[in-house]
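Me: I'm new to this one and would like a close look at a single part of it. Could you walk me through the place where the two chains meet?

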Amino acid sequence: MAPRTLFEKVWDDHTVLVRDDGQTLLYVGRHLAHDGSYHAFDFLKARKMKVRRPDLTYATPDHGVSTATHDLASITDPEQLEVVRALTANSAEHGVMLFDLDDDRQGIVHVVGPEQGITLPGLVMTCGDSHTSTHGALGALAFGVGASDVYHVLATQTTWQKKPKAMRITVEGKRPAGVTAKDIILAIIGKIGTNGGNGHVIEYAGSTIRSLSIEERLTVCNMSIEAGARAGMIAPDDTTFAYIEGRPFAPKGADWKRSVDYWKTLPSDSGATFAREVALDAAALAPMVTWGTSPEDVAAVTDVVPDPARETDADRRAAMQSNLEYMGLKPGTPLSQVPIDRVFIGSCTNARIEDLRAAAKIAKLGKVKVPSWVVPGSSLVKKQAEQEGLDQVFRKAGFEWRESGCSMCVGMNGDVVAPGQRCASTSNRNFRGRQGRGSRTHLMSPEMAAASALAGRIADVRDYLKRV
Amino acid sequence: MEPFRRHTAIAVPYDQPNVDTDQIIPARFLRRKRSSGFASFLFHDLRQDEQGRENPDFILNKPAYRKAGILVADNTFGSGSSREQAAWSLVDYGIRSVVASSFGDIFYNNSFKNGLLPVRLADDIVRGLRAQLHATPGSQMTIDLEEQVVIGPKGDRYPFEIEPFRKRCLMLALDDIGITLEYEKQIAAFEQTYKGRRPWVAR
Ligand code: SF4
């Protein structure tokens, strides 16, 4: 057989059939659902259909849940309440495994999947959410789909896809202090642009990527969608196997050995070809922060707000001007002098236990100057953090310690940034209005966000690391 | 969903690159029932201010474009969130086709499930079309799916590519599930061998 990439191996293993016109019917190994999947369940109901393989779908409410408490009564928006309830009802009706609000296993669906061992190498996974790319960190081919496709997966356990192309991003070198997985992926997006991975599955490779923990890899793959890619993947290795072993829905006993043997065959063959290759030097990186309204509008924290006058393309110049106007920023302003109004540490990008530990290390050094929230990625992450005393560290520094959910990443549950307010956020999207109408978002790592909370402005975490 | 063959309508030039789906429809409207209609949410926070007053500067609010049925965008239209509601709000508004030099992958897929045709044309052509539309506001364009050609306001023709499968589904308003169910035998057979190969996946 010709040499194949990681992505092609997983693709081939799940190909039910290829039509003459090139469309592939892919089998979905495991499917994840959340409160937003309710449209798809509605479509299913309208057609009086059943979930074909309820044992392959796992559900948890995240987008619309309150992060004040996990009582249903805390969900004040009637529409959100209805869809969170609908998930409970639909899961029961169809026999889908649910981690509901009163379950410790509840959380942001992309945090829960890996945590529970639902996410495994070599699987095709889908979810009605674009950040499904997160799961590729363990060597799954995982991509987000819309409501119609979720309905299709529920009904048939398959999805029609056109085969994407393979792209490899190789990151080599030792990361300087203060440079996190978030900075690596932001730097990648800055380099290739939000359309850079369009039509491709990105495989992240190189010594820097290999040296990342699984949680760090999840952060990298999470934002593959912000690079325009269909999915992001990292070849499974011993780090992956060690992470998965013993998790509730991971293979056990004889299956464990058999699965690991198989997973070891997944890394891209030498000689496999990639349609596109990009290289990045980790040693040259600095902590990153976005200044605009797209994740590609990113710079080192030591940089200044760029000047549209330098942009030669008239359309781009106009777009940049309007983005800076929206953001309320003047060209030439040092990013580290931009005052902020609030801080959000959370989301499927950066709300796992390692993220909270890293942020807490900085939080120890002072008191917040602006309202700052920590929203754990899952209820288990929250519990773990509390066992380690991190909640106390955050509280002492003046942070608010919340229940798990998507929260201010998307603002659907009422956790919003007020119009015109500037938020230092560990989430993945700085789109206009993403965190609430008129909100201004600066994306950064948890360490950077914690440092910014103490400074009341965008801060360079390295100034604080010296004191840790 | 409505079949799509040939669509002639007023075309609106939309100059912004990177139009993410959060801009097309803000998150707070996503939980409405599909049947309730999504037209009023299209570009909601751009079309009106917080008091619900129309923003006269927003292009869809200009008299020439109120009845637009085609949108000519820039690059990376529909990036970001997987919300299919972005496609719902466009078709419910009456926009049956978006022309751009590139699209967000998921938005592109979602469009076809809703009778919305995303057309990829080269960057310079898309810019040229927008310039023409700005020069003569309210002019019409035609998207001929059968012939796979975009006809600009001046009658200039631009062929476009589309996968045959998607073309057929759109022209006949075929629903994916109906097609897939015809392959039930293959799916069942796959499931059998998959179970043998990867026994740890099922619960
Ligand atoms: S945390 Fe944010 S990006 Fe992640 S699933 Fe929730 S809303 Fe989407």
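How many residues of chain B are in contact with chain A, and how many residues of chain A are in contact with chain B?

Reply: Happy to. One thing before we start: this is a predicted model, so read everything below as a description of that model.

Your question comes down to two numbers: 66 residues on the chain B side are in contact with 84 residues on the chain A side. As for how much surface that hides, the two chains bury about 6200 Å² between them, and 50% of that area sits on carbon and sulfur atoms. If you want names to click on in chain B, try Arg31(B), Trp200(B) and Arg203(B). Those residues lose the most area to chain A, and together they make up 16% of what the chain B side buries.

Now for the charges. Between chain B and chain A there are 16 salt bridges. One to look up is the pair Asp45(B) and Arg437(A), whose side chains meet at 3.3 Å, N to O. Polar contacts across the two chains come to 40 residue pairs, counting those with both residues at pLDDT 80 or more.

Which pieces of chain B do the touching? Plenty of helices give at least two residues each to the side facing chain A, including α1 (21-24), α3 (85-93), α5 (123-135) and α8 (184-197) of chain B. The largest share comes from α8(B), with nine residues. Sorted by class, that side of chain B holds 27 charged, 20 nonpolar and 19 polar residues.

It helps to know a little about the partner as well. Chain A is assigned two domains: domain 1 covers 6-276 and domain 2 covers 301-465. Their C-alpha centres lie 24 Å apart. These two domains touch each other too, with 39 residues from domain 1 of chain A and 38 residues from domain 2 of chain A taking part in the contact. Between them they bury about 2900 Å², 54% of it on carbon and sulfur atoms. On the domain 1 side, Thr67(A), Ile108(A) and Glu215(A) lose the most area to domain 2, together 23% of what that side buries.

The charge story inside chain A is a short one: two salt bridges are found across the interface of domain 1 and domain 2. For a salt bridge in chain A to zoom in on, go to Lys383(A) and Asp104(A), where the side chains meet at 2.6 Å, N to O. Polar contacts between the two domains of chain A add up to 26 residue pairs, again with both residues at pLDDT 80 or more. On the domain 1 side, the elements giving two or more residues are α4 (109-115), α6 (181-192) and α8 (214-222) of chain A. Of these, α8(A) gives the most, with five residues. By class, that side of domain 1 divides into 19 polar, 10 nonpolar and 10 charged residues.

While you're in chain A, have a look at its open sheet of five strands, which runs in the order β5-β4-β3-β6-β7 with parallel pairing. The edges are β5 (97-98) and β7 (141-144) of chain A, each pairing on one side only. Further in, β3 (residues 30-33) and β4 (residues 57-59) of chain A pair in the parallel sense over three bridges. To spot that pairing on screen, find Ala33(A), which stands opposite Ala59(A) in β4(A).

Notes:
Residues numbered from 1 in each chain as written. Chains lettered and ligands numbered in written order. Predicted model: local features only at pLDDT ≥ 70, side-chain atom pairs only at ≥ 80, totals over all residues. Heavy atoms only, no water. Contact = heavy atoms within 4.5 Å. Buried area = accessible area lost by both parts, 1.4 Å probe. Salt bridge = Lys/Arg side-chain N within 4 Å of Asp/Glu carboxyl O. Polar contact = N/O pair within 3.5 Å; in protein donor to acceptor, adjacent residues only side chain to side chain. Helix = DSSP H or I, 4+ residues; strand = E, 2+ residues; numbered from the N terminus. Nonpolar A, V, L, I, M, F, W, Y, C, P; charged D, E, K, R; others polar. Domains from an automatic or database assignment. Pairing = 2+ DSSP bridges.
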